[in-house]
Number of protein chains: 2
Amino acid sequence: MPLFENVALFGVGLIGGSLALDAKRKGLFGHVTACSRRAETLDAALQKGIADKTTLDPIECAKGADLVVLAAPVSSMEPIAKAIAPALERNTIVTDVGSVKGQIVEKIERAIPYPSRFVPGHPVAGRERFGTEAAVEGLFAGKRCVLTPTKTTDKEALRAVRALWEGVGMKVLEMDPQRHDRVLAATSHLPHLVAYALVEAVMRARETDPDILDFTAGGFHDFTRIAASSPDMWRDIFLMNSSHLDEMIDVFSSALDELKKVIGSHDGIELQKKLEEIRRVKDQIENMRQVIVKFENSR
Amino acid sequence: MPLFENVALFGVGLIGGSLALDAKRKGLFGHVTACSRRAETLDAALQKGIADKTTLDPIECAKGADLVVLAAPVSSMEPIAKAIAPALERNTIVTDVGSVKGQIVEKIERAIPYPSRFVPGHPVAGRERFGTEAAVEGLFAGKRCVLTPTKTTDKEALRAVRALWEGVGMKVLEMDPQRHDRVLAATSHLPHLVAYALVEAVMRARETDPDILDFTAGGFHDFTRIAASSPDMWRDIFLMNSSHLDEMIDVFSSALDELKKVIGSHDGIELQKKLEEIRRVKDQIENMRQVIVKFENSR
């Protein structure tokens, strides 16, 4: 018997689509009904085997589901939760895959009739590609999923959602929603914003050197690859996590300013000291990851 | 007959070592004498087949060479040029591989007896790894080499150095030294400095969230990989290109500030417009690269 018999899937993009592909393949999902705003998107999802049935009507989608997965852009989460509220039953588990948690979690808990059945989640498996075309089998294997239960969340619902993500190969950890947003602001949202700013800077430099785009080398491509992600998605993430992000931008700007000053003062010894210090942290991060991966693989 | 019979190689790290490996293999170099400051480094270079002979004495290394390759850290280029000046003959061609050109080119031209025989170069083939261990065959294939001749540089020397880099598979282009430094400040030096600042920012965030390093996700690793490069090398590059870099830091900071303001004003429409604009530039860069590569491959 599947972990969830009837699944209502809102959003069939990279994360929602890939989850359905894996969960169906592994027998975790029985019947999947998908809902989206555009009929073509739903046709593509049907063809790809992401959904067994599709509908443009949120209520029809959610009716009779034992699991509702909110995998739409984060700005649509609350409107969808409100729209489906009348169709949710006492036992329906609701989960989401949003990259920001604090604000969304509160809003969804307020929007639905049985907030204890809502288990907020964030499978950290983004790629540069997005949309239904980008959905693939095996996307989640070995990656991390953060669940951010609140004091309202019931244990049994939490266990079931954990089993789902573990079932598609993720390492699941739990964290307070605010802490999730603070940590992700530093380690994911800030780097993405910085990548956008770097591309913008080169765009501006082009005004004085029109051929500059002919010659983009080395480190630059790692950044432009990052800045290739979905603008809609990042707009939402930046706006919804703006206070933590703002704080991190200030920390980053002051770190950059300090490096700029050391370079400006032509103090080679101090500059090398700083670069080596930073490199050590970087090595620490790599070591830490390896230890964690080993630990997790040994469980 | 090899392109260069007797080669004096100063520096046997990633670039110098890989060049010797490829140039010997392809019959472009005859006999290679390597010079470095440390005997162990030279032993490693001998064992790896980078050099046929080694010496700690710059004069002994340069004597009788028809090509001198300066592949030491950029801060050592001028001292080496001064040290070998007495050994340079009328026909000895001198070239370098420094990632910064303006300052170095002037200094080397002043340091050597026949500045017309100096052909400044920058094979853009850096990786995160560095040192003699990192030297590999095939490092340069398909990548770009920028030569930055001055009005002093003689055409025949320029042709010979071009033939060398083309011989190891590089696409060679010529550029004014100042323009090289401005372009590289935007497309390589700024991204690397920003990567260092990002790691430093996470390091500072750790003071309020000690476990933050446990959870470094997504985009962050592309950056730490960049910040792993040699601190000595980047210290020199940042210092030697400080004026162009300074200008680019300001352009970048103002781009970041603007994004921060749009996010702070919660103007979703404006933010999305900006992110999409940036994404279009990014696509343009990718397309441009593909066109260039196709064009170059068709020659």
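**Exercise 1.** At what angle do helix α7 (residues 177-205) of chain B and helix α10 (residues 242-264) of chain B pack, and how far apart are their axes?

*Solution.* A note before we start: this is a predicted model, in which local features need pLDDT of at least 70, side-chain atom pairs count only at pLDDT 80 or more, and totals for chains, interfaces and linings use all residues. Residues are numbered from 1 along each chain as its sequence is written, while chains are lettered from A and ligands numbered from 1 in the order in which they are written.

Step 1. Helices are DSSP runs (H or I, at least four residues), numbered from the N terminus. Fit axes to the C-alpha atoms over the stretch in contact, with angles running from 0 to 180 degrees between N-to-C directions.

Step 2. The angle comes out at about 65°, and the axes lie 9 Å apart.

Step 3. Now list the contact (C-beta atoms, placed from the backbone, within 7 Å). α7(B) contributes residues including Ala185(B), His189(B) and Leu193(B), and α10(B) residues including Leu245(B), Met248(B) and Phe252(B).

**Exercise 2.** Find which residues of α10(B) are buried.

*Solution.* Step 1. Apply the cut-off: 20 or more other C-beta atoms within 10 Å of the residue's own, again placed from the backbone.

Step 2. Among the buried residues are Leu245(B), Met248(B), Phe252(B), Leu256(B) and Ile263(B).

Step 3. Look just past the helix: α10(B) is followed by His266(B), with a positive phi near 50°.

**Exercise 3.** Describe how the two domains of chain A meet.

*Solution.* Step 1. An automatic or database assignment supplies the bounds: domain 1 is 4-174 and domain 2 is 179-264.

Step 2. Their C-alpha centres lie 30 Å apart.

Step 3. At the boundary, 15 residues of domain 1 of chain A touch 13 of domain 2. α5(A) gives the most to the domain 1 side, with 3 residues.

Methods:
Helix = DSSP H or I, 4+ residues; strand = E, 2+ residues; numbered from the N terminus. Buried ≥ 20, exposed ≤ 12 C-beta atoms within 10 Å, placed from the backbone.
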